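Work through the following exercises with the coordinates open, taking each solution one step at a time.

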Amino acid sequence: MAEIIVKYDNKVIERIVTEKKRLSIGRSRDNDIVLENRGVSRKHAIIEFNNNAAVVIDNESLNGTFVNNRKITEEILRNDDTITVGKYSLVYHTETSQEHDGGADFDGTMVLKTKQQKQLLENDKIEKQIVTKYGGSVLIGEENAEFSEFKIDRDVVTIGKAKFVHVRAKGFFISGIQAKISKENMSFVLTNLGKKGKTLVNGEPISQCNLKNGDIITVGKSTFKFIEGTN
């Protein structure tokens with residue numbers, strides 16, 4: 001059974017478990033998920049469920065709908081994807097979890113001019129240009145990296161301090177091959193192969209993790225940003 005965790009300022013404010021075929025999202029009271037903020041359109045987006053799959057569709061909203069920090073018109077959702085609507089985050093789970101816890105006016109919706117919204121739009125524009133340039137998924141060198149951009153053009157990309165790996169990382173205590181990124185079906189998976197605790201995603205140590213657009217990968221002292229290509 002699908003579940004949506006609604007967060008505001010990183011705090012859980014609502015948990016929706018549903019068997020419905022469609023959920024509407026917006027500011028007006030007749031929506032299934034009501035988000036009370038003028039940065040949210042009255043009829044902002046919908047999520048449609050069909051045959052164990054879910055699709056989020058933007059309803060030509062003023063400020064846009066984002067999935068994993070990428071602006072979308074329509075996107076198939078995967079487990080743990082984050083939908084951003086205005087200042088709200090909606091985390092999609094394929095199964096129920098144990099978590100409890102002034103601008104122009106369009107139908108009364110305020111154009112968001114917050115720093116966060118501007119940064120989302122700017123990052124989305126830059127990332128789409130990079131994906132178009134390389135025609136696929138890319139690693140961006142953030143800190144202590146030997147490159148600015150690295151195209152993921154093979155089924156397995158190795159990361160470590162050995163000379164023969166695809167992506168060199170820095171750090172005295174990491175392994176020759178510390179981690180790998182492998183393509184599995186339509187996703188990329190990061191797997192720790194070396195010393196425990198030396199491969200992180202978004203600041204958290206991992207043994208294996210499905211990568212999402214915008215994830216920050218840290219191996220030893222090197223940091224990379226994962227930019228997912230469009231399928």
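**Exercise 1.** In this predicted model, determine which backbone oxygen the side chain of Gln 178 reaches, and at what distance.

*Solution.* Begin with the polar atoms of the side chain: that of Gln 178 reaches the backbone oxygen of Lys 195, and the separation is 2.8 Å. Next, place the residue in the fold, where Gln 178 belongs to the loop that runs between strand S17 (167–168) and strand S18 (179–184). Then consider accessibility: Gln 178 has a relative accessibility of 0%, and because the cut-off for buried is under 20%, Gln 178 counts as buried. Finally, list the surroundings, leaving aside residues up to four places away in sequence: Gln 178 touches, among others, Ile 159, Gly 160, Lys 198, Thr 199 and Val 219, and its contacts also include Thr 191, Asn 192, Leu 193, Gly 194 and Lys 195.

**Exercise 2.** Find how many salt bridges the model contains, and examine the pairs Lys 128 with Asp 124, Glu 127 with Lys 225, and Glu 149 with Lys 133.

*Solution.* The count comes to 10 salt bridges, and three of these can be taken in turn.

- Step one: in the salt bridge between Lys 128 and Asp 124, the closest N and O atoms are 3.3 Å apart. Both residues lie in helix H1 (residues 115–134), with a spacing of four residues, about one turn of the helix. Lys 128 is partly exposed at a relative accessible area of 35%, whereas Asp 124, at 6% relative accessibility, counts as buried.
- Step two: Glu 127 forms a salt bridge with Lys 225, and here the closest N and O atoms are 3.1 Å apart. Since Glu 127 lies in helix H1 and Lys 225 in strand S24 (residues 222–227), the pair ties together parts that are 98 residues apart in sequence. Glu 127 counts as buried at 4% relative accessibility, and Lys 225 is buried too, with a relative accessible area of 17%.
- Step three: the side chains of Glu 149 and Lys 133 meet in a salt bridge at 3.3 Å, N to O. This pair links distant parts of the chain, with Glu 149 in strand S15 (residues 149–151) and Lys 133 in helix H1, 16 residues apart. Glu 149 is partly exposed, its relative accessible area being 26%, while Lys 133 counts as exposed at 58% relative accessibility.

**Exercise 3.** Describe the largest pocket by its volume, by the elements that line it, and by the character of its lining residues.

*Solution.* The space in the largest pocket is about 670 Å³. Of its 23 lining residues, those closest to the centre are Asn 69, Thr 82, Thr 84, Ser 89 and Gln 116. Turning to the elements, strand S1 (2–8), strand S10 (82–85), strand S11 (88–93) and H1 each supply at least two residues of the lining, and H1 gives the most, with five residues. Sorting the lining by character yields three nonpolar, 12 polar and eight charged residues.

**Exercise 4.** Compare the settings of Ile 33 and Thr 18 by giving the strand, the accessibility and the contacts of each residue.

*Solution.* Ile 33 is found in strand S4 (residues 33–34), and at 0% relative accessibility it counts as buried. Beyond residues up to four places away in sequence, Ile 33 touches Ile 4, Val 6, Ile 16, Leu 23, Ser 24, Ile 25, Gly 26 and Leu 90. Thr 18, for its part, is found in strand S2 (residues 11–18) and is buried, with a relative accessible area of 8%. A polar atom of the Thr 18 side chain lies 2.9 Å from the backbone nitrogen of Lys 20. With the sequence neighbours again set aside up to four places away, Thr 18 touches Met 1, Ala 2, Leu 23 and Phe 49.

**Exercise 5.** State what phi is near for Asn 10 and for Asn 144, and locate both residues.

*Solution.* Recall first that most residues other than glycine have a negative phi. For Asn 10, phi is near 65°, a positive value; Asn 10 sits in the loop between S1 and S2 and is exposed, with a relative accessible area of 69%. For Asn 144, phi is near 50°, likewise positive; Asn 144 sits in the loop between strand S14 (138–143) and S15, and at 38% relative accessibility Asn 144 counts as partly exposed.

Note on methods:
Residues are numbered from 1 along each chain as its sequence is written. This is a predicted model: local features need pLDDT of at least 70, side-chain atom pairs count only at pLDDT 80 or more; totals for chains, interfaces and linings use all residues. Side-chain values use heavy atoms; hydrogens and water are left out. Buried means under 20% relative accessible area, exposed over 50%, partly exposed in between (1.4 Å probe, protein chains only). A polar contact is a pair of N or O atoms within 3.5 Å; within protein, one must be able to donate a hydrogen and the other to accept it, and residues adjacent in sequence count only if both atoms are side-chain atoms. Contact means heavy atoms within 4.5 Å. A salt bridge is a side-chain nitrogen of Lys or Arg within 4 Å of a carboxyl oxygen of Asp or Glu. On a 1 Å grid over the protein atoms alone, a cavity is a set of points where a 1.4 Å probe fits but cannot get out, and a pocket is an open set with protein on both sides within 12 Å along at least five of seven lines; lining residues have an atom within 4 Å of a point. Grid points are joined across faces, edges and corners, and a volume is the space filled by probe spheres set on the points. Ala, Val, Leu, Ile, Met, Phe, Trp, Tyr, Cys and Pro count as nonpolar, Asp, Glu, Lys and Arg as charged, and the others, Gly among them, as polar.
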